[in-house]
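Trainee: Before we discuss this model, I should like to see how each term is justified. May we take the terms one at a time?

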Amino acid sequence: MDIFSNVAPVVGAATGLALAAFSAWYLLADADLPVLMTSVPAGAFRGKRVVIIGASTGIGRALALRLSRDGASIAVCSRSEAKLRELAAECLAAGAPKAVAHVVDVLDLDSHASLGADLAALMGGPIDVLVNNAGRSQRSLAEDTDIKVTADMMQLNVIGNISVTKAFLPAMLDRGSGHIMVTSSVAGKVGAPCSSSYAATKHAVQGYYSALRNEVSYRGVDVTLVCPGPVESEITKHAFTAEAGVKAADAGFKEDKSKRMTAERCAELMARALHNSKLYEIWVSPQPILLFTVLYQIAPTFASWVGATKVGPARVEGLRMGKPGYEAVQGLGVIFGAGAKAKKRD
Ligand SMILES: NC(=O)c1ccc[n+]([C@@H]2O[C@H](COP(=O)([O-])OP(=O)(O)OC[C@H]3O[C@@H](n4cnc5c(N)ncnc54)[C@H](OP(=O)(O)O)[C@@H]3O)[C@@H](O)[C@H]2O)c1
């Protein structure tokens with residue numbers, strides 16, 4: 001009893017200190033713990049055939065170059081043939097033993113029937129890794145957004161995406177090995193204001209691929225969901241707006257000056273999850289968005305209150321001023337400033 005009463009305060013204080021140290025460290029983290037604790041050994045992807053859909057710019061492009069440096073053979077795919085050819089040459093220069101550029105339109109479902117076989121033939125063997133990364137975001141309020149825009153976004157980010165996966169899955173299951181990585185978003189975990197349809201697509205992606213993982217991982221096919229926060233890329237330029245066929249860049253949205261992770265850093269963290277295929281879901285984001293995403297999972301009512309009273313109003317006001325993204329909701333100002341002062345919409 002005496003020993004216990006002597007030891008208990010010491011254990012309590014040590015636990016408190018450890019928790020405080022972890023919390024302080026986490027405030028500086030740009031990803032969740034498991035991915036930060038892993039690394040990629042040199043040459044880790046030698047002998048792997050990797051297909052990246054949505055590789056022409058941004059995250060997909062950075063990932064193609066990152067994997068090339070560690071010896072992966074790469075097929076870079078999207079609709080922009082010239083950019084893909086240039087990238088394939090850069091992949092070869094970076095160390096990829098083989099790099100091919102292949103035009104793929106995620107929206108052209110009929111063309112997906114032969115996609116898996118076509119790419120295996122082009123790459124000279126079965127595909128080990130599919131990175132299903134193509135997608136477009138949104139900058140508009142739900143009340144203003146044409147239902148056609150929501151349908152178009154669903155078709156690209158969900159239906160087309162799943163269709164591409166189904167082009168590669170049967171061969172992976174037949175071989176009893178493969179890895180499918182899908183770029184979701186923190187908007188797949190949190191209801192991001194001014195991106196309601198985009199959040200709906202990414203929540204759908206989360207649901208589909210979590211279920212798929214539970215069906216196929218015991219048969220040798222791993223499924224990893226990547227949830228990035230703001231990353232430097234062309235995402236804002238090409239974002240959907242309230243009106244069908246009008247991109248954010250053409251609707252006069254200003255450049256998003258929010259603190260974004262570089263595409264290279266995002267690619268590095270994705271490479272870690274490709275090397276360690278049991279990292280089933282990774283969150284990669286600058287703060288405070290990473291912290292907010294965690295809060296949403298562990299304290300949904302409190303986090304939703306913060307979302308509805310602080311983050312939402314700040315982002316809606318930001319959108320009204322033509323700010324296209326996370327810019328309006330970064331830093332503590334969102335708690336004590338713009339969000340708190342935001343007025344109701346007329
Ligand atoms: N950047 C961010 O802040 C952020 C945050 C969370 C999640 N994400 C997700 O990350 C993924 C990559 O986006 P990013 O940020 O790298 O943006 P990005 O630079 O705009 O890249 C998007 C890619 O998708 C491709 N794409 C678009 N429509 C396509 C289609 N119909 N068929 C084939 N490819 C198509 C584009 O290629 P083509 O135009 O050449 O076809 C491009 O390669 C997306 O799924 C996005 O939702 C991004």
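Mentor: Let us begin with burial: a residue is buried if 20 or more other C-beta atoms lie within 10 Å of its own, exposed if 12 or fewer, and partly exposed in between. Please keep in mind that this is a predicted model. In helix α8, the residues that are buried are A263, C266, A267, L269, M270, A271, R272, A273 and L274.

Trainee: What covers the buried residues of α8?

Mentor: The cover includes the helices α2 (33–36) and α3, together with β4, β5, β6 (221–228) and β7.

Trainee: What makes the span of α8 agree with the expected one?

Mentor: Helix α8 (residues 263–275) has 13 residues, and at 1.5 Å a residue these should span 18 Å. The end C-alpha atoms of α8 are 18 Å apart, so the span agrees with the expected one. Helix α7 (residues 196–216) can be judged in the same manner: its 21 residues reach 30 Å from the first C-alpha to the last, close to the 30 Å expected at 1.5 Å a residue.

Trainee: Which residues of α7 are buried, and what covers them?

Mentor: The buried residues of α7 are S197, Y198, A199, A200, T201, K202, V205 and Y209. Their cover includes α6 (147–175), β5 and β6.

Trainee: V216 lies in helix α7. Why is V216 called partly exposed?

Mentor: V216 has 17 other C-beta atoms within 10 Å. Buried requires 20 or more and exposed requires 12 or fewer, so a count of 17 falls in between and V216 is partly exposed. Leaving aside residues up to four places away in sequence, V216 touches L173, V221 and V223. By contrast, the C-alpha atoms of V216 and T309, 93 residues apart along the chain, are separated by 41 Å.

Trainee: Why is A72 called buried?

Mentor: A72 has 30 other C-beta atoms within 10 Å. The cut-off for burial is 20 or more, so A72 is buried. A72 lies in the loop between α3 and β2. Not counting residues up to four places away in sequence, A72 touches F45, K48, V50, L67 and A96. A72 and A94 are 22 residues apart in sequence, and their C-alpha atoms are 10 Å apart in space.

Trainee: What is notable about the backbone of C194, and is C194 buried or exposed?

Mentor: Phi of C194 is near 70°, a positive value in a residue other than glycine. C194 lies in the loop between β5 and α7. With 25 other C-beta atoms within 10 Å, against a cut-off of 20 or more, C194 is buried. A further backbone feature is the peptide bond from Q287 to P288, which is cis, with omega near 5°. P288 is placed in the loop between β7 and α9 (289–298).

Trainee: Let us turn to the sheet. In what order do the strands stand, and why are β3 and β7 said to stand at the edges?

Mentor: The sheet is open and has 7 strands in the order β3-β2-β1-β4-β5-β6-β7, with parallel pairing. β3 (99–103) and β7 (281–284) each have a single partner strand, so one side of each is left without a neighbour in the sheet. The twist averages 15° from one strand to the next. Helix α4 (residues 81–94) packs on the sheet, where it touches β2 (73–78) and β3, and its direction makes about 165° with that of β3.

Trainee: How do you know that β4 and β5 pair?

Mentor: Pairing requires at least two bridges. Strand β4 (residues 129–132) and strand β5 (residues 178–183) have 4 bridges in the parallel sense, and they therefore pair. L130 stands opposite I180 in β5. β6 and β7 likewise pair in the parallel sense over 4 bridges, and C227 stands opposite W283 in β7.

Trainee: What makes β5 largely enclosed?

Mentor: In β5, 6 of the 6 residues are buried, so the strand is largely enclosed by the rest of the structure. In a regular strand the side chains alternate between the two faces of the sheet. G178, I180 and V182 lie on one side of β5 and H179, M181 and T183 on the other, and all are buried, so both faces are covered.

How values were computed: Residues numbered from 1 in each chain as written. Predicted model: local features only at pLDDT ≥ 70, side-chain atom pairs only at ≥ 80, totals over all residues. Helix = DSSP H or I, 4+ residues; strand = E, 2+ residues; numbered from the N terminus. Axes fitted to C-alpha atoms, helices over the stretch in contact; angles between N-to-C directions. Contact = placed C-beta atoms within 7 Å. Expected span 1.5 Å × (residues − 1).
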